[in-house]
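Here is a friendly walk through a small piece of structural reading. Have the sequence and the model side by side, and we will go from one helix out to the whole chain.

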Amino acid sequence: YVLAHAVGWFVKAFIYRNAVLLWTMGIIFEYVEFTFKYWLPNFSECWWDSLLYDLFGCNWLGLLLGTWVVER
């Protein structure tokens, strides 16, 4: 789970090459997960899982490493 999310955002950094756009996409996707958790049970997760693990954990790590590699 952690590796798949981090690698996914790492690859997205190569595709989009814009950290602000990537952060916006990550925040919007977490909002979509929160919105659809009533219809799709696999989106139902704790608030700290969405913030700490997803947004500020895996997404941030993959985004940070991806944009660092793209800039080099």
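Start with the outward side of α1, where Leu3, Ala4 and Ile15 are exposed (over 50% relative accessible area, with a 1.4 Å probe and protein chains only). On the other side, the buried residues of α1 are Ala6, Trp9 and Ala13, buried being under 20% on that scale, with partly exposed in between. Seen down the axis of α1, these buried residues fall within an arc of 65°, so they line one face of the helix; the arc is that of the directions from the helix axis to the C-beta atoms. An α-helix has 3.6 residues a turn, so residues three or four places apart point the same way.

A word on the model: it is predicted, with local features needing pLDDT of at least 70 and side-chain atom pairs 80 or more, while totals for chains, interfaces and linings use all residues. Residues are numbered from 1 along each chain as its sequence is written, and side-chain values use heavy atoms, without hydrogens or water.

After α1 comes arginine 17, whose phi is positive, near 55°.

Now step back to the chain, which has three helices and zero strands (DSSP runs numbered from the N terminus: H or I of at least four residues for helices, E of at least two for strands). Buried residues make up 24% of its 72 residues. Among contacts with a separation of 6 or more, 68% join residues 24 or more positions apart, a contact meaning heavy atoms within 4.5 Å. The C-alpha atoms fill a box of roughly 40 × 20 × 15 Å along the principal axes.
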